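Below is a short report on one protein model. It covers the sheets, selected residues, backbone exceptions and salt bridges.

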Amino acid sequence: MTGDDGVYVGRAAPDAAADRGWLLGHFKTPGDLRHSAEVEIKWGVHPKGERRAAWTDGEKRTALLVLISGRFRLEFPGRDVVLAEQGDYVVWGRGVDHSWEAEEESVVLTVRWPSVPGYRVP
């Protein structure tokens, strides 16, 4: 909720559910404090066994993914990374395509920059 003081207060799970997990980025309505062309933030809640629909292709952003709970595998060309302890994280740069799988029910926080209009997994 945005107050007259220019502060937005929310709760990650219900706010994220309204926009495929995304809390902040270019896709929020201009004028909303959560609108940003510089960064995107996602609260991802993934059931065990869920996989990304497709590998990224021509990744144009840098990303940070932090494990909040569960066990989460990130797949990169030639290398897999498993996040197993709360706070484990991985950062990857532009041009590094990826995919992922929730090995257990997982909650992850993803930060990507910049926020790229039109970029979306089918």
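The sections below describe a predicted model.

## Five-stranded sheet

Five strands form an open sheet in the order 1-2-8-3-6, and the pairing is antiparallel. Strand 1 (22–24) and strand 6 (89–92) are the edges; each has a single partner strand, so one side of each lacks a neighbour in the sheet. From one strand to the next, the twist averages 20°.

At one of these edges, four bridges join strand 3 (residues 62–69) to strand 6 in the antiparallel sense. Within strand 6, tryptophan 92 is the residue opposite alanine 63. Strand 6 also holds valine 91, which is partly exposed because its relative accessible area is 48%. Together with Tyr89 and Trp113, Val91 makes a nonpolar surface patch of about 320 Å².

## Three-stranded sheet

A second open sheet has three strands in the order 5-4-7, with antiparallel pairing. Strand 5 and strand 7 are its edge strands, each pairing on one side only. The twist here averages 20° from one strand to the next.

Strand 4 (residues 72–76) and strand 5 (residues 79–83) run antiparallel and are joined by five bridges. Arginine 73 has valine 82 of strand 5 as its bridge partner. The two strands form a hairpin with two residues between them, and glycine 78 in the turn has a positive phi of about 80°. Strand 4 also pairs with strand 7 in the antiparallel sense, over four bridges. In that pairing leucine 74 stands opposite tryptophan 100 of strand 7.

## Two buried residues

Is histidine 98 buried or exposed? Its relative accessibility is 6%, so histidine 98 counts as buried, the cut-off being under 20%. Histidine 98 is placed in the loop between strand 6 and strand 7 (99–102). Beyond its neighbours within four places in sequence, histidine 98 contacts Arg52, Ala54, Trp55, Thr56, Glu59, Glu75, Phe76 and Trp92. Among these contacts, Trp92 is the residue that stands opposite alanine 63 in the pairing described above.

Threonine 110 is in strand 8 (residues 106–113) and is buried, with a relative accessible area of 10%. Leaving out residues up to four places away in sequence, threonine 110 touches Trp22, Glu40, Ile41, Lys42, Leu64 and Leu65. Valine 90 is 20 residues from threonine 110 in sequence, and the two C-alpha atoms are 9.8 Å apart.

## Backbone exceptions

Most residues other than glycine have a negative phi, and most peptide bonds are trans. Arginine 20 has a positive phi, near 50°, and is not a glycine. This arginine 20 is in the loop between helix 1 (12–17) and strand 1. Its relative accessible area of 47% makes arginine 20 partly exposed.

The peptide bond from tryptophan 113 to proline 114 is cis, with omega near -5°. Proline 114 is in the segment after strand 8. Trp113, on the other side of this bond, is one of the residues of the nonpolar patch.

## Salt bridges

How many salt bridges does the structure hold? There are ten. One of them links the side chains of aspartate 32 and arginine 34, at 2.8 Å from N to O. Arginine 34 is buried, with a relative accessible area of 17%.

Another salt bridge joins arginine 61 and glutamate 40, with the closest N and O atoms 3.5 Å apart. Arginine 61 is in the loop between strand 2 (40–46) and strand 3, and glutamate 40 is in strand 2, so this pair ties together parts that are 21 residues apart in sequence. Arginine 61 is buried at 1% relative accessible area, and glutamate 40 is buried at 1%. A further salt bridge, between arginine 51 and glutamate 101, has its closest N and O atoms 2.9 Å apart. Arginine 51 lies in the loop between strand 2 and strand 3 and glutamate 101 in strand 7, so the pair ties together parts that are 50 residues apart in sequence. Arginine 51 is partly exposed at 40% relative accessibility, and glutamate 101 is partly exposed at 22%. Glu40, Glu59, Arg61 and Arg112 are joined into one network by salt bridges that share partners.

Notes. Residues are numbered from 1 along each chain as its sequence is written. This is a predicted model: local features need pLDDT of at least 70, side-chain atom pairs count only at pLDDT 80 or more; totals for chains, interfaces and linings use all residues. Side-chain values use heavy atoms; hydrogens and water are left out. Two strands pair if DSSP finds at least two bridges between them. Axes are lines fitted to C-alpha atoms, for helices over the stretch in contact, and angles run from 0 to 180 degrees between N-to-C directions. Buried means under 20% relative accessible area, exposed over 50%, partly exposed in between (1.4 Å probe, protein chains only). Contact means heavy atoms within 4.5 Å. Patches are made of residues with over 30% relative accessible area and no salt bridge: like charges are joined within 9 Å, nonpolar side chains (Val, Leu, Ile, Met, Phe, Trp, Tyr) within 5 Å. Accessible areas come from the Shrake-Rupley method with a 1.4 Å probe; for residues, only the protein chains shown count as cover. A salt bridge is a side-chain nitrogen of Lys or Arg within 4 Å of a carboxyl oxygen of Asp or Glu.
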